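Biologist: Please show me the structure, and then I will ask about it step by step.

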Amino acid sequence: DCVNYGNISLPEGNMESGYWSGGVCGDMWQTINDWTTAIINCVNYGNVSGSYDIGGIIGRCDFMVGGFGVVTEDPEEDNNKMEITNCLNLGNIEASNRLGGIVGKCDAPINGCFNSGELKFSGYLELVWDSSTRTWKKQSYFFGGVAGVSNGGIDYSGNSGKMKFDK
């Protein structure tokens, strides 16, 4: 039940400056299986900008087994008790990689969350050949209305915010 009204702006750059930022939480980790790590009923009104793992509610959430530095291959493994539930982002979000309206990168299940803030992606694009239309099209990685990357699943969630590429 957290609410953020402030704007958060991280400079582009290295690990110490532009990574892992959200309107409510920058970086959420679960390392002990008996604990529940949850972000529930949170709202962000502020604008958030940075370079990598940037979201309206959470920048990054990871499920770890055996302590820091040992990441599981399967977030369902070892009794994952993380969740992001009933959260709303109304702020504008800008990043160059792994940008989401709710979370930039996430191993937790996302349920009942909604983004209506504008999302501006200024990151990695590549051209791919579409053989059905016989044209080149821009393709982007790690950019989504709810999550940039989701390994935990997304249910009953959505996005109505405008999604823009800055390239």
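Biologist: What percentage of the 167 residues of the protein count as buried?
Modeller: This is a predicted model, and the value is computed from it. A residue counts as buried when its relative accessible area is under 20%. Of the 167 residues, the share that meets this is 44%.

Biologist: How many helices and how many strands does the secondary structure of the protein come to?
Modeller: The strands are numbered from the N terminus; β1, for example, covers residues 3-4. The count for the protein is zero helices and 24 strands.

Biologist: Among contacts between residues at least 6 apart in sequence, what percentage join residues at least 24 apart?
Modeller: A contact here is a pair with heavy atoms within 4.5 Å. L99 gives some examples, since its contacts beyond four places in sequence include I54 and F143. For the protein, the share of such contacts that join residues at least 24 apart is 75%.

Biologist: Which residues have the most contacts inside the largest nonpolar core?
Modeller: This core has 18 residues. Strands β4 (25-30), β9, β10 (82-85) and β14 each supply at least two residues of the core. The residues with the most contacts inside the core are M28, I39, I58, I84 and I110.

Biologist: How many residues are in the other core, the one with I54, A95, F121 and F143 among them?
Modeller: That core lies apart from the one with 18 residues. L99, in strand β13 (residues 97-100), is in contact with I54, F121 and F143, among others. The number of residues in this other core is eight.

Biologist: Is L99 buried or exposed?
Modeller: Buried requires a relative accessible area under 20%. The relative accessible area of L99 is 0%, so L99 is buried.

Biologist: How far apart in space are L99 and R60, C-alpha to C-alpha?
Modeller: In sequence, L99 and R60 are 39 residues apart. In space, their C-alpha to C-alpha distance is 9.8 Å.

Biologist: Which residues are linked with R60 in a network of salt bridges?
Modeller: The side chains of R60 and D62 meet in a salt bridge, at 3.3 Å from N to O. D62 also meets K105, at 2.5 Å, and K105 forms a salt bridge with D107, at 3.1 Å. The search of the whole structure finds six salt bridges. The residues linked with R60 in the network are D27, D62, K105 and D107.

Biologist: How many residues apart are K105 and D62?
Modeller: The side chains of K105 and D62 meet in a salt bridge. The pair links distant parts of the chain, with K105 in strand β14 (residues 103-106) and D62 in strand β9 (residues 58-63). Their separation is 43 residues.

Biologist: Why does K105 count as buried?
Modeller: The cut-off for buried is under 20% relative accessible area. D62 falls under the cut-off at 6%, and R60 does at 9%. K105 counts as buried because its relative accessibility is 11%.

Biologist: Which residues form a nonpolar patch on the surface with about 420 Å² of accessible area together?
Modeller: The protein exposes about 8,300 Å², and carbon and sulfur atoms supply 50% of it. One member of the patch is V3, which counts as partly exposed at 47% relative accessibility. The residues that form the patch are V3, Y5, Y45 and L90.

Methods:
Residues numbered from 1 in each chain as written. Predicted model: local features only at pLDDT ≥ 70, side-chain atom pairs only at ≥ 80, totals over all residues. Heavy atoms only, no water. Salt bridge = Lys/Arg side-chain N within 4 Å of Asp/Glu carboxyl O. Buried < 20%, exposed > 50% of the residue type's maximum accessible area, 1.4 Å probe, protein only. Helix = DSSP H or I, 4+ residues; strand = E, 2+ residues; numbered from the N terminus. Areas by Shrake-Rupley, 256 points an atom, 1.4 Å probe, with all protein chains shown as cover. Patch = residues over 30% accessible without salt bridge, like charges linked within 9 Å, V, L, I, M, F, W, Y side chains within 5 Å. Core = buried A, V, L, I, M, F, W, Y, C linked by side-chain atoms within 4.5 Å.
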